[in-house]
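Trainee: I have a sequence and a structure to read, and I do not know how to start. Could we go through some features one at a time?

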Amino acid sequence: MSHEARAGTAKSLQFQRGGNFAAGPPGRELLTADQCRWLAQAADRYPGTRREGPHRARALVYLCLNHYLWGWHGEADVLRPGQITAMRLSGRYQEQHRTTWDVPQKNAASDATRLQPVHHDAVRAIDEYLPHRATKRDDNGRLFTTVNGRPLEPQSLIRILRTVAATHPDLEELAPKLSADAVTHSPAAQPTT
């Protein structure tokens, strides 16, 4: 049997349920380490939109690149788009110099969570976003909200990633087909020895 995921095979079924394989999601090209770096640069330079500043977009991009920022890539380091958009304000924990966030478990009961280390660059981006976070009277405590104060949906995260990527000349061609899963599963930069 080839390494490709065929309909009905265990590998294709695991992808349908959100599984992670080194090749990435089927039909989605992973970013190179350089492209991950360019995406972070684009987020740092992103001017925002007429309705909203750049703060939320930068925090979201940095969370998608959490594993890249750490410099390693393992299943436990990946923050999936649904996990990022489901993060809550109350889920942050400071342990001396390390910040972790209580995130929903992938493919688990709705109340199952795990503590995820969040890189200090992503934490800094979140802290810069928080004063600009829109709220409603019945705020549900989600970390990321729309400009109207509603919880941000994973589809919006994809749109934001594509918009930010399109501002970088080296990512402009890739931007329209960029997926959040491809970003979160892209290989981290290898540490030099």
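Mentor: Start with a single residue and its surroundings. Leaving aside neighbours within four places in sequence, Phe144 is in contact with Arg56, Ala59, Leu60, Leu63, Ile84, Tyr129, Arg150, Pro151 and Leu152. Keep in mind that this is a predicted model.

Trainee: Where in the chain is Phe144 found?

Mentor: Phe144 belongs to the loop between α6 and α7.

Trainee: Is Phe144 buried or exposed?

Mentor: A residue counts as buried when its relative accessible area is under 20%. Phe144 has 0% relative accessibility, so it counts as buried. As for distances, its C-alpha is 8.6 Å from that of Ala134, a residue 10 positions away in sequence.

Trainee: Which residue could I set beside it for practice?

Mentor: Take Gln155, which is found in helix α7. To count as exposed, a residue needs a relative accessible area over 50%. Gln155 has 55%, and therefore it is exposed. Its C-alpha lies 9.6 Å from that of Thr85, although the two are 70 residues apart in sequence.

Trainee: How do I read a helix that has buried residues?

Mentor: Begin with the general idea. An α-helix has 3.6 residues a turn, so residues three or four places apart point the same way. Now look at α2, where Gln35, Cys36, Leu39, Ala40, Ala42 and Ala43 are buried. Viewed down the axis of α2, the buried residues fall within an arc of 160 degrees, so they line one face of the helix.

Trainee: What do the buried residues of α2 pack against?

Mentor: They pack against four helices: α3 (55–64), α4 (66–70), α7 (154–165) and α8 (180–185).

Trainee: What span should α2 have, and how far apart are its end C-alpha atoms?

Mentor: Helix α2 covers residues 33–45, which is 13 residues. At 1.5 Å a residue it should span 18 Å, and the end C-alpha atoms are 19 Å apart, which agrees.

Trainee: How are the strands arranged?

Mentor: For a sheet, read the order of the strands and then the sense of the pairing. Here 3 strands form an open sheet in the order β1-β2-β3, with antiparallel pairing. β1 (92–95) and β3 are the edge strands, each pairing on one side only. On average, neighbouring strands of this sheet are turned by 30 degrees against each other, direction ignored.

Trainee: How many bridges join each pair?

Mentor: β1 and β2 pair over 4 bridges, while β2 (residues 98–104) and β3 pair over 6. To follow individual partners, note that Arg92 stands opposite Trp101 in β2, and that Asp102 has Leu115 in β3 as its bridge partner.

Trainee: Which way do the side chains of β3 point?

Mentor: They alternate along residues 113–118. Arg114, Gln116 and Val118 point to one face and are buried, whereas Thr113, Leu115 and Pro117 point to the other and are not.

Trainee: Which helix lies across the sheet strands?

Mentor: Helix α6 (residues 120–129) lies across β1, β2 and β3, and runs at about 100 degrees to β3.

Trainee: How does the whole chain add up?

Mentor: The protein chain has 8 helices and 3 strands, and along the sequence they follow the pattern α-α-α-α-α-β-β-β-α-α-α. Of its 193 residues, 44% count as buried. The chain exposes about 10,700 Å², with carbon and sulfur atoms supplying 49% of that area.

Conventions:
Residues numbered from 1 in each chain as written. Predicted model: local features only at pLDDT ≥ 70, side-chain atom pairs only at ≥ 80, totals over all residues. Heavy atoms only, no water. Buried < 20%, exposed > 50% of the residue type's maximum accessible area, 1.4 Å probe, protein only. Helix = DSSP H or I, 4+ residues; strand = E, 2+ residues; numbered from the N terminus. Pairing = 2+ DSSP bridges. Axes fitted to C-alpha atoms, helices over the stretch in contact; angles between N-to-C directions. Contact = heavy atoms within 4.5 Å. Expected span 1.5 Å × (residues − 1). Arc of directions from axis to C-beta. Areas by Shrake-Rupley, 256 points an atom, 1.4 Å probe, with all protein chains shown as cover.
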